[in-house]
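Got your viewer open? Load the model, find the selection tool, and let's take a walk through it together.

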Amino acid sequence: MVPGIVSYLLLVRYLKWLSVNAKSFNVGSYRRADTPQPTADFFDTGNAEGERLRRAAAEAAVHDMLHWFEHEGGHVGILDATNSTRSRRAWIEERCKSKGYDVMFVESKCDDEELIMNNILEVKTTSPDYIGQDPEVAARDFRDRIRNYEKVYETIDEPHLTYVKLINVSSQVIINQVSNYLQTRIIYFAMNLHITPRSIWLSRHGESEFNVLGKLGGDANLSPRGMAYAEALPGLVKGSVGNKDITLWTSTMKRTIQTVKHLNYPKKQWKALDELDAGVCDGLTYEEIEKKYPEDFRARDDDKYNYRYQAGESYRDVVIRLEPIIMEMERGSDIMVVTHQAILRCIYAYFMNVPQDQSPWMEIPLHTVIKLTPRAYGTQEERFKANIPAVSTFRAKYTSANMGGETAIVDAERVKSPIARAQANGVTTINGDVEAAPQKVEAISVAESLGLNDDTVVVE
Ligand code: SIN
């Protein structure tokens, strides 16, 4: 598991966000059941007992993955292991193909010594294999482990296999026998991951005239308090961004464009960032919707993620149109996105791994900047509130009124969100049902050239 080289945890998160039932099977975590903290010589192929235990761990992981495909509706299983010999790959291919599953191998090859050392120091020394050990001793041991992997390493070049080889963090990419859409999405995602540290700042537009009236949608101007937020934003952003060069993205709607008016960064408008289209309900209040379209009102609360407004959109639709935005965010550097409540819920859910049934109900308050910093195993979050009141547009399930009142006025402060805290405590993620997911079931196996991608993460 490598930040930005190929992070299988991030791949699982991405696929689940797209409603593809994905799960990672990490051979290292199976091996740890018997051998929790081996030293590098355990991974020497001359160590017969080590070889036996490693083989047993791989067999258990493949067994569980195939069981998951067969009995739990799995769509993409990720076998996260050092599948760096031809014979290992042939064995995986045989096991998966015998059950009718496609296999794609992903090899991340790295011969840049600085990248390798950074990866070891940032990721491997915090692995369960090295917990409680001196980071320098751990780093040296992991370097020795890589040398043992190298002794038997055979780069993937079998002409009949489907594979992608990423060399030095996608500086070069070799693709072989790729045959379906999902494989191309996965390759594109892996190519866009990078290791440059960066943050993403998110904000809703300032309070709008429609917000004040409790109306949905529209293309209203900012209210006077919304304009005050726009004026306060440069100070708020400066406090968090400092002197970095950021790019500013907005929707094409007046309220987001007016919100960034005083921010002096390069700006880009995206139609894909426009608010969820409320269709026939655009311009109505929740009370009006409940009276005019009672069945729709109820149906939406029953399943807010999937409910599609008549002549409008669902959250599921929004996720599909946001996919290119997410890809650009993964590819890019520091970005601030000023957009709308439903859009931010979807973007936030992607970075924070929020389950689909919860994401449409998250509170994303007005007049607050959320800073997200992607890390190897997840995303760190900070919130900065402006000292400018605004209405709350949050509506609880099966109620027709917004939570009402103004958001609490908090002096510009940093608060950890409840979701971030829950995440730290292990929020569970769901396996969403599949509307857009391809029917074909796939297994991805990971071949690693220099041991850069093996182990360390137990997913789900
Ligand atoms: C493997 O990748 O084959 C095993 C990795 C481990 O035991 O940590």
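Color the whole chain by secondary structure: there are 15 helices and 13 strands to look at. This is a predicted model, with a mean pLDDT of 86, and 85% of the residues reach 70 or more. Of the 460 residues, 43% count as buried. Among contacts between residues at least 6 apart in sequence, 71% join residues at least 24 apart.

**Stop 1: the parts to treat with care**

Switch the coloring to pLDDT. Select residues 1-5, where pLDDT stays under 50. Now select residues 403-460, where pLDDT stays under 50 as well. The model has 173 contacts beyond four places in sequence for residues 403-460, but don't lean on them: where pLDDT is low, the predicted coordinates should not be read in detail.

**Stop 2: a helix to warm up on**

Select helix H1, residues 8-17, and pick out Val-12 inside it. Is Val-12 buried or exposed? Val-12 has 24 C-beta neighbours inside 10 Å, so it counts as buried. Now add Ala-22: it is 10 residues away from Val-12 along the chain, and their C-alpha atoms are separated by 5.5 Å.

**Stop 3: two loops with a twist**

Next, go to the loop between strand E4 (163-167) and strand E5 (172-176), and select Asn-168. Asn-168 isn't a glycine, yet its phi is positive, at about 45 degrees. It counts as partly exposed because it has 13 C-beta neighbours inside 10 Å.

Then jump to the loop between E5 and helix H7 (181-192), which holds Gln-177. Here too you'll find a positive phi, about 55 degrees, on a residue that is not a glycine. Gln-177 is exposed, with 12 other C-beta atoms within 10 Å.

**Stop 4: the annotated pair**

Which residues does UniProt mark as "active site"? The record, an unreviewed entry, gives His-205 and Glu-275. They span 71 residues in sequence, but their C-alpha atoms are no more than 10.8 Å apart, so they gather at one spot.

Select His-205 in the loop between strand E6 (200-204) and helix H8 (209-213). His-205 is buried, with 28 other C-beta atoms within 10 Å. Show its contacts beyond four places in sequence, and you'll meet Gly-226, Arg-255, Thr-256, Thr-259, Val-338 and His-340.

Glu-275 is in the loop between strand E8 (267-269) and helix H11 (286-292). Glu-275 counts as buried, with 24 C-beta neighbours inside 10 Å. Beyond four places in sequence, its contacts include Gly-217, Ser-251, Met-253 and His-340.

**Stop 5: the nonpolar cores**

In soluble globular proteins, nonpolar side chains tend to be buried together. To see that here, select Leu-11, Ala-61, Leu-202, Cys-346, Ile-347 and Tyr-348, which touch the most other members of the largest nonpolar core, a set of 88 residues. Helix H14 (residues 341-352) gives the largest share of this core, 10 residues. Where does the core lie? Color domain 1 (8-195) and domain 2 (200-376 + 378-430): both give residues to the core, so it lies between them.

Zoom in on Tyr-348. Leaving aside its neighbours within four places in sequence, Tyr-348 is in contact with Leu-202, Val-354, Met-362 and Ile-364.

For a last selection, try Phe-43, Cys-110, Ile-116 and Phe-142. These are among the 8 residues of a second, separate core.

Definitions and conventions: Residues are numbered from 1 along each chain as its sequence is written. This is a predicted model: local features need pLDDT of at least 70, side-chain atom pairs count only at pLDDT 80 or more; totals for chains, interfaces and linings use all residues. Helices (H or I, at least four residues) and strands (E, at least two) are DSSP runs, numbered from the N terminus. A residue is buried if 20 or more other C-beta atoms lie within 10 Å of its own, exposed if 12 or fewer, and partly exposed in between; C-beta atoms are placed from the backbone. Two residues are in contact if their C-beta atoms, placed from the backbone, lie within 7 Å. pLDDT is the predictor's confidence in each residue, from 0 to 100. UniProt positions are given in the numbering used here, feature names are shortened, and annotations may be inferred rather than shown by experiment. A nonpolar core is a set of buried Ala, Val, Leu, Ile, Met, Phe, Trp, Tyr and Cys residues joined through C-beta atoms within 7 Å. Domain bounds come from an automatic or database domain assignment.
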